[in-house]
Amino acid sequence: MTITKGIQSLSVSFAPGATTTYPIQTTTSCSRISGDSSATLTLIRNGINVASGTSSPQSENIRLGAATYNYSCTISTTANYSANSTIDNNLLVSQNTSTANFMNLTLNSSETNRSYTYPAASNATGWFDSTAYVASPITFTLYRNSTTVGSTNPIKQETSLAVGAYNYTYHTAENTNYSTARKNYFLTISPASSSVTVSFSPSSTVYYPTATTASCSRISGDSSSTLTLYRNSTQVATGSSSPTSEAAITLGAANYNYTCTQSSTENYSSSSSVENILTVTKGDTSTRLFLNGTEGNKAYSSGGWANFTATVNVSGKTVQITSSYPGFGTQQGTTPFSYEKRLISEGTFSVTADFNGDANYSSSSQSYNAIIALDCVLKGYAYHADTGNPITSGTATYIVKETGATDSAAITDGYFEIPCSLPDVPKNRVTIGIFINSSDNRAGYAQLITRGGPFPAETQSCVAKEWVFNGTATDTISGNTIGAGNVSISVFGTSYSNTTHFSRGLWSINIYPCLISGELYTFQFAVTGENKIAVTFLKQVAK
C-alpha cells in the first residue's frame, strides 16, 4: 500500500498591516496552518532569510525604510509531510510626508513675519526634533536670502541687519524616508529716522556788524550722510562732518532763514530743519555834539564865532547839524564834521547833531543849547571921596537889579574892570549897582542905568538883610550935641521904619528892610531929643 505525504499549509501576516508609513515598526510572521510541528518554518524578505525555526510563527520585528518588501515563507519536508511555501507577500512602507511637523523656524521667538526699524537686533533660529529622525539621519539647513547660515541643530543667526527685506528659510531635502520640507518667514528692516539741528554763534540775535557762524549738526543718522546748510534758499555749506558750518560772516541788518538737510543713506531716512531765523539788528550808534569843544550847553558873546562839531562812532558816515538859530539851516558832512558860524542874535538856541541811520545802523542824535548874550565890561576908577586920591586896592562888585547877576574884580591902583553879562541888551535897559570896598575898610557905591528900551521884568525878589548905622546926634540949627533922645530910620520906596533910644549924644541902630540887590535906596534918619531935631539923608545901593 502506498501512503502519500500530506501537504502542509502556512501563511504570512503583517502587523500593523501590509501598508504602513516610515518610521513605524512592522512585525512580519510566518505561521503553520497545518503540517508537521517538527517541520522548519523559514521567513524570507527579498530573498534573505530573516527568521527560521520549528515554532510557529517565525517573525521579524523591524523598522524598514520606505520601500516595497517581498516576503516568502517556507516549511521543510518531514517523513509524513512534503515541503511547501507561500510567496509574493508584499509589505509597503511609504515615505513620511509630515516632515514639517518636526521642524521649527522663529524670528525673535515667533513663527511669523517680522518688521523692525534699523538698528534693531534680530534672531532667526531653526531647529528640528532629533528624536523623530533617529532611524534615518536628516539634514536641515537655514538660509538667508539663499545664503547658507548653517546646518547645526539648533542653528541661529543673531545680528543687526541693514535696511532691507530678508527671507529666512529652514529647509531639508527629500530622502528615502522623509519628504522635503521648508518653513520661511520674512524679516523687514525699515530705515531709521534721522534728525538735524541748526545753531548760531554767538547768538540767533546779534547787532550789526557782529560776525556770525551758522552750523548744521547731526543729532541722529548715518555719519556718512551729507549735511547741507542753506541761507535764504542758497547753499552756504555742505559736507559729511558734523557740524557743517558756514564760514564766519558779517551780514547786513535783516532776518535770515537757515535750513539744514541730511541726505538719506542705506539705513536712515532723510531729514531737515527749517525756519531757523538769524536776526541781525541795526547796530547802535552814538552821535556827539561839541560846542567849541564843550560837550554841553555853551555861552557865547554876541558877535563871536562858534564852532559846532558833530561825530558818530561809525567812520565814513554822514552827520548833520541843525539849530533854531535864525538862518542856520542844515549843515552836513562826513564824521567828524565841523561848522563855524558867527552868532549875532542874542538868546538861547538849540543845536542838534543827527545821524539819520542807514540799512545797518540805527539813528542817533544829541542836542545842546547855545546861549548868546551881549558881552560887557564895567570899567572905572575908585577914589576916596574926602581926599580925591585913588583907592589903591580893594574889590569892585556889580549887581544887576533886574536879574541879580553879580560878579567882582580886584581894584589895582584905583582901576577896575568887571566882566558882566546883561539881559538882552540893547533891547532893554537895566540898572547896575556898583560897590567899592577898599582894603582900609572904606565903602562906596555908584549906580548905572544903561540906555535902551524898557526895563525888563525883574526876576529877583527883595531879600531882608541887616543894615547897621551909627552917628553923633547934633542939632542941625545950633550945631550943639543932643545928649539923649530917639533916632528913627525909614527907607524910601518901602514901608519899612524903625526907632531906637540913644544917650550921651551917640546913636546906633540896626534895621532889616527887604531890599532888591542893585537898587539905589534913600535912607532918612531923624534924631529928636531935648526939644531939638536933626534930619539927614543917605543914598545907598542894596547889596
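This tour goes from a sheet to a loop glycine and then to a cavity.

The model is predicted: local features need pLDDT of at least 70, side-chain atom pairs count only at pLDDT 80 or more, and totals for chains, interfaces and linings use all residues. Residues are numbered from 1 along each chain as its sequence is written, and side-chain values use heavy atoms, without hydrogens and water.

**Stop one: the sheet.** Select 9-15 and 58-62, which are β2 and β7. Add β4, residues 26-34. Strands here are DSSP runs (E, at least two residues), numbered from the N terminus; two of them pair if DSSP finds at least two bridges between them. The three strands form an open, antiparallel sheet in the order β2-β4-β7. β2 and β7 are the edges; each has a single partner strand, so one side of each lacks a neighbour in the sheet. Seven bridges join β2 to β4. Zoom in on F14: T28 in β4 stands opposite.

**Stop two: G518.** Select the loop between β46 (514-515) and β47 (520-529); G518 lies there. G518 counts as buried (under 20% relative accessible area, 1.4 Å probe, protein chains only), because its relative accessibility is 0%. Now pick N80 as well. The C-alpha atoms of G518 and N80 are 188 Å apart in space, with their positions 438 residues apart in sequence.

**Stop three: the cavity.** Select V463, K465, W467, P513, L515, S517, A542 and K543, which line the largest cavity. A cavity is a set of points on a 1 Å grid over the protein atoms alone where a 1.4 Å probe fits but cannot get out; lining residues have an atom within 4 Å of a point. The volume is about 40 Å³, taken as the space filled by probe spheres set on the points. A search of the whole structure finds one cavity of 30 Å³ or more.

Terms used. On a 1 Å grid over the protein atoms alone, a cavity is a set of points where a 1.4 Å probe fits but cannot get out, and a pocket is an open set with protein on both sides within 12 Å along at least five of seven lines; lining residues have an atom within 4 Å of a point. Helices (H or I, at least four residues) and strands (E, at least two) are DSSP runs, numbered from the N terminus. Buried means under 20% relative accessible area, exposed over 50%, partly exposed in between (1.4 Å probe, protein chains only).
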